[in-house]
Amino acid sequence: MELTVLGCSGSYGAPAGGACSGYVVRAGDAVIWMDCGNGTFANLQQHVNPADLTAVVLTHAHPDHCVDIYGLHVMYKYGIYGSCLPVYAPEGVEKTLEHLVGDWTDTFDWRLVRDGDAATIGDAQLRFSRTDHPPPTVAVEIAHGGKRMIYTSDTGPEWSIDAFGAGADFVLSEATYEHTDIRVPIHLSAHQAGAAAREAKARRLMITHLWPTLDPLASAAEAAEQYGDTVSLAAPHLVTHI
Ligand SMILES: [Zn+2]
Ligand SMILES: [Zn+2]
């Protein structure tokens with residue numbers, strides 16, 4: 001599998017090209033746009049021809065994870081005449097975005113996902129788990145070729161990656177705060193992200209969704225201290241092989 005970071009700024013865009021949450025996961029023949037935060041559609045087009053997408057996964061209705069699907073809708077409807085692209089999302093996302101878009105027409109094939117659901121997208125097997133975050137929010141596990149990666153989306157500490165079982169090959173975890181300054185407990189600190197990854201015996205950990213004013217290296221050090229190994233930092237356009 002291959003993960004490309006399109007954006008990783010936590011909750012709002014950071015200066016100097018800091019798009020919000022969005023990733024491309026390639027797994028065999030599957031090309032999945034996972035979260036469409038503000039700024040990510042422009043970055044997506046540097047890595048993927050949007051006509052080649054196999055599916056979109058939206059983890060929840062917060063704008064920093066979903067609004068840029070509007071651009072894909074417009075491109076499909078008026079540009080390349082795409083239709084029926086599968087979009088997997090929990091309750092509330094389609095309706096929330098409808099206020100922006102109006103009529104979705106036939107650009108997308110919306111598929112509702114709930115806690116414990118599974119889906120097959122091309123060569124990739126997906127599972128979803130409801131996280132500890134106010135709007136219906138799902139974490140995503142993607143498995144392909146004997147490897148498993150987990151994306152936490154947004155979550156507070158009452159949910160953990162061990163919901164998918166221990167020993168994931170790669171965990172992409174939110175780490176919005178530093179542990180001394182947790183503003184709202186609907187997100188993790190870097191300390192909590194590192195501890196959860198250690199407890200779930202994750203083989204590799206990358207942190208993302210850092211609050212834009214934080215020092216990323218300090219967050220990585222905080223996570224690494226708990227995790228017990230090096231922790232990588234998400235950055236726009238970073239490509240990682242899993
Ligand atoms: Zn967020
Ligand atoms: Zn959120």
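How are the donor residues of the zinc ion (ligand 2) spaced in sequence? They follow the pattern H-x1-H-x70-H-x20-D, and this report, which concerns a predicted model, takes that site as its starting point before turning to the sheet and the cavities.

## The zinc site

In the predicted model, the zinc ion (ligand 2) is held by His60 through NE2, His62 through ND1, His133 through NE2 and Asp154 through OD, with coordination distances of 2.2 to 2.3 Å. The arrangement of the four donor atoms is classed as irregular because the angles they subtend at the zinc ion (ligand 2) run from 91 to 162°, whereas a tetrahedral assignment would require all angles to lie between 85 and 135 degrees.

A separation of 3.5 Å lies between the zinc ion (ligand 2) and the zinc ion (ligand 1), and Asp154 coordinates both of them. Of the histidine donors, His62 belongs to the loop between β4 and α2 (63-66), while His133 belongs to the loop between β8 (124-130) and β9 (138-144), so this pair ties together parts that are 71 residues apart in sequence.

## The seven-stranded sheet

Seven strands form an open sheet with mixed pairing, in the order β6-β5-β4-β3-β2-β1-β14. The edges are taken by β6 (108-112) and β14 (239-241), and because each has a single partner strand, one side of each is left without a neighbour in the sheet. From one strand to the next, the twist averages 20°.

Within this sheet, strand β3 (residues 30-36) and strand β4 (residues 55-57) run parallel and are joined by three bridges. Met34 has Val57, in β4, as its bridge partner.

## Cavities

Searching the whole structure at a threshold of 30 Å³ or more yields two cavities. The largest cavity, with a volume of about 50 Å³, is lined by Thr152, Thr155, Trp159, Ser160, Ile161, Val171, Ser173, Leu188, Ala193 and Ala196. The elements that each give two or more residues to this lining are β11 (170-174) and α5 (190-199). Its lining comprises six nonpolar and four polar residues, with no charged residues.

The second largest cavity holds about 40 Å³ of space, and its lining is made up of Tyr177, Glu178, Asp181, Arg183, Trp211 and Leu214. By class, these residues divide into three nonpolar and three charged, with no polar residues. Charged residues are thus present in the lining of the second largest cavity but absent from that of the largest cavity.

Notes. Residues are numbered from 1 along each chain as its sequence is written. Chains are lettered from A and ligands numbered from 1 in the order in which they are written. This is a predicted model: local features need pLDDT of at least 70, side-chain atom pairs count only at pLDDT 80 or more; totals for chains, interfaces and linings use all residues. Side-chain values use heavy atoms; hydrogens and water are left out. On a 1 Å grid over the protein atoms alone, a cavity is a set of points where a 1.4 Å probe fits but cannot get out, and a pocket is an open set with protein on both sides within 12 Å along at least five of seven lines; lining residues have an atom within 4 Å of a point. Grid points are joined across faces, edges and corners, and a volume is the space filled by probe spheres set on the points. Helices (H or I, at least four residues) and strands (E, at least two) are DSSP runs, numbered from the N terminus. Ala, Val, Leu, Ile, Met, Phe, Trp, Tyr, Cys and Pro count as nonpolar, Asp, Glu, Lys and Arg as charged, and the others, Gly among them, as polar. Two strands pair if DSSP finds at least two bridges between them. Axes are lines fitted to C-alpha atoms, for helices over the stretch in contact, and angles run from 0 to 180 degrees between N-to-C directions. Donors are N, O and S atoms within 2.8 Å of the metal (3.2 Å for Na, K and Ca); water is not among the atoms, so sites may look incomplete. Four donors count as tetrahedral if all angles lie between 85 and 135 degrees; four count as square planar and six as octahedral if opposite donors are over 155 degrees apart and all others between 65 and 115; anything else is irregular.
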